[in-house]
Amino acid sequence: MLQRQSVFKDETKLDINYVPSRLPHRETELRLLLEFFSFVLQSPRKMAQRVVITGNVGAGKTVLSQRFGVEVIHDASKRGVNLRYVHINCRECRGSLFLILLHLILVFHPNFPRRGYSAEELLDILLKVLDEEDTHVIATLDEFDSLVENEGSDAVYKLTRAQETRQNKPQRLSLVCIFRNLKTVEQLDPSTQSTLQSNIVNLETYSKQQLTDILSDRTSLAFKPSTVPENTVSLVAELASSEDGNARFGIELLWRAGKYADAEDSAVVTLECVRKAVSSIIPGMRRADLASLSFHEKLLLLGTARLLKEGHKASVSLVEAEQAYEIACEEFAVKPNSHTQLWKYLHTLSRSGIVNTEVSTTGLRGRSTLIHLPRIPARELEKELNMLLEKG
Ligand code: ADP
Ligand code: MG
């Protein structure tokens with residue numbers, strides 16, 4: 001058989017973690033961020049900064065801050081300033097201040113013990129480590145909502161006040177806090193709010209035209225010349241625009257459409273490829289959202305999906321889901337986690353809208369928790385999860 005041609009030049013340019021060197025329609029925001037930190041670059045020991053970034057899903061919050069990280073480090077090294085940029089996803093740290101701080105310390109001391117300290121102690125240790133290294137850190141805390149939801153004002157207060165309690169010591173820690181929802185800030189107590197709210201970069205939702213520019217840019221990086229017609233990009237932009245201007249959705253769609261073109265041995269990514277790609281994306285839920293779940297959250301969801309795919313029942317109880325989870329753990333050769341942990345996973349899954357939960361009081365044995373899958377066909381969910389779990 002002939003070696004098939006691909007429409008792609010470099011698929012990695014469509015990866016969710018790829019940080020392009022140009023961010024169309026976020027230039028002003030990027031400059032603003034750099035501006036906020038210009039004093040820190042001038043006197044990193046005297047100044048620390050706190051900035052809040054907000055915007056919808058797919059509005060470019062993560063990529064903007066990562067681009068900012070690259071540029072600010074570049075500026076710092078030109079000036080001979082010792083500065084580090086560290087990007088941490090709070091949700092991946094399960095919204096735990098302890099894990100966030102641990103992650104920061106591990107950047108400098110990879111062998112630091114994983115247990116034995118409280119969050120307060122870790123904060124002190126971190127600042128000491130930064131003193132020893134004589135460095136200033138800009139820590140971006142992505143999906144900060146998760147820390148607020150999990151630990152409330154207290155943790156945020158500790159984090160933002162840490163340096164103020166160290167008198168006559170150099171400033172070491174600046175923060176960029178990324179919120180999906182500015183309402184989360186309102187849940188904080190007033191004094192904590194005031195430590196955060198001074199510098200806000202709000203990312204407006206992209207228009208269709210802006211999405212077209214972003215997607216065209218990405219197309220020329222990822223696809224071979226003349227493989228993606230203008231009307232294809234335009235349709236993808238249209239669809240992303242109707243998904244609340246979610247650029248991530250657009251980029252994923254572009255990638256999937258390219259895959260369909262390759263599968264059909266087509267030299268161009270046609271409108272029909274885009275349509276197929278749309279219908280293959282699980283409605284109401286993006287692959288990226290599933291991918292970002294922890295391994296055990298995926299296993300619990302897999303167990304649930306398997307029970308629901310037969311279609312006889314609208315919901316499963318947590319007890320049933322737990323049994324199916326244990327079977328899934330066995331298949332993937334991992335030890336099942338405790339019931340208490342499962343509660344937490346279920347909480348995460350329901351907070352992200354993947355499942356709905358309901359407490360039933362009519363069961364034979366009193367109250368039990370029921371799990372529904374409101375948006376995603378169980379069969380497709382199972383397929384997707386199997387794929388993700390096998391990847392690692
Ligand atoms: P958020 O963190 O706000 O949910 P992301 O930063 O993850 O959104 O952006 C979603 C996707 O869209 C990523 O792949 C990102 O690279 C891309 N993207 C968003 N805005 C831009 C832009 N202005 N230019 C280029 N790519 C962008
Ligand atoms: Mg993000």
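**View 1. Helix H11 tucks away Ala247, Phe249, Gly250, Ile251, Glu252, Leu253, Leu254, Arg256, Ala257, Gly258, Ala261 and Asp262, its buried residues.** Buried here means under 20% relative accessible area, exposed means over 50%, and partly exposed lies in between (1.4 Å probe, protein chains only). A word on the model itself: it is predicted, so local features need pLDDT of at least 70 and side-chain atom pairs count only at pLDDT 80 or more, while totals for chains, interfaces and linings use all residues. Residues are numbered from 1 along each chain as its sequence is written, chains are lettered from A and ligands numbered from 1 in the order in which they are written, and side-chain values use heavy atoms, with hydrogens and water left out. Helices (H or I, at least four residues) and strands (E, at least two) are DSSP runs, numbered from the N terminus. H11 takes in residues 247-263, and with 12 of its 17 residues buried it is mostly covered. From first C-alpha to last, H11 reaches 24 Å, close to the 24 Å expected at 1.5 Å a residue; that expected span is 1.5 Å times one less than the number of residues.

**View 2. Here are the two ends of H11, with Asn246 at the start and Asp265 following the helix.** A side-chain oxygen of Asn246 comes to within 2.9 Å of the backbone nitrogen of Arg248. That is a polar contact, meaning a pair of N or O atoms within 3.5 Å; within protein, one must be able to donate a hydrogen and the other to accept it, and residues adjacent in sequence count only if both atoms are side-chain atoms. Past the other end, Asp265 sits in the loop between H11 and helix H12 (271-280). Its phi is positive, about 60°, although Asp265 is not a glycine. Most residues other than glycine have a negative phi.

**View 3. Ligand 1 sits among 18 surrounding residues.** The closest are Pro24, Gly58, Thr62, Tyr206 and Arg248; a residue makes the list if one of its heavy atoms lies within 4 Å of the ligand. A polar side-chain atom of Arg248 is 2.7 Å from an oxygen atom of ligand 1. At Pro24, a backbone N or O atom lies 2.7 Å from a nitrogen atom of the ligand. Ala59 joins in through a polar backbone atom, 3.2 Å from an oxygen atom of ligand 1. Taken alone, the ligand exposes 550 Å², and the protein buries 96% of that; these areas come from the Shrake-Rupley method with a 1.4 Å probe, and for residues only the protein chains shown count as cover. Helix H3 (61-79), helix H9 (208-222) and H11 are the elements that give two or more residues to the shell. Sorted by type, the shell has 10 nonpolar, 4 polar and 4 charged residues. Ala, Val, Leu, Ile, Met, Phe, Trp, Tyr, Cys and Pro count as nonpolar, Asp, Glu, Lys and Arg as charged, and the others, Gly among them, as polar.

**View 4. Now for helix H3, home of Gly69.** The end C-alpha atoms of this 19-residue helix are 27 Å apart, which agrees with the 27 Å it should span at 1.5 Å a residue. Buried residues in H3 include Lys61, Leu64, Arg67 and Phe68. Gly69 is buried too, with a relative accessible area of 3%. Its C-alpha atom is 8.7 Å from that of Thr140, 71 residues apart along the chain. Right after the helix comes Gly80, with a positive phi near 70°.

**View 5. Strand E1 has parallel partners in E5 and E4.** Two strands pair if DSSP finds at least two bridges between them. E1 (residues 50-55) shares 4 bridges with E5 and 5 with E4 (residues 173-179). Thr54 faces Asn202 in E5, and its bridge partner in E4 is Phe179. Ile53 is opposite Val201 in E5. As 6 of the 6 residues of E1 are buried, the strand is largely enclosed by the rest of the structure. Along E5 (residues 200-203) the side chains alternate: Val201 and Leu203 point to one face and are buried, but Ile200 and Asn202 point to the other and are not.

**View 6. The last stop is strand E2, joined to strand E3.** E2 and E3 (residues 136-142) run parallel, with 7 bridges between them. Tyr85 has Ile138 as its bridge partner in E3. Since 5 of the 7 residues of E2 (residues 83-89) are buried, this strand is largely enclosed by the rest of the structure. Arg94, in the loop between E2 and helix H4 (97-108), is exposed, with a relative accessible area of 55%. Its phi is positive, near 55°.
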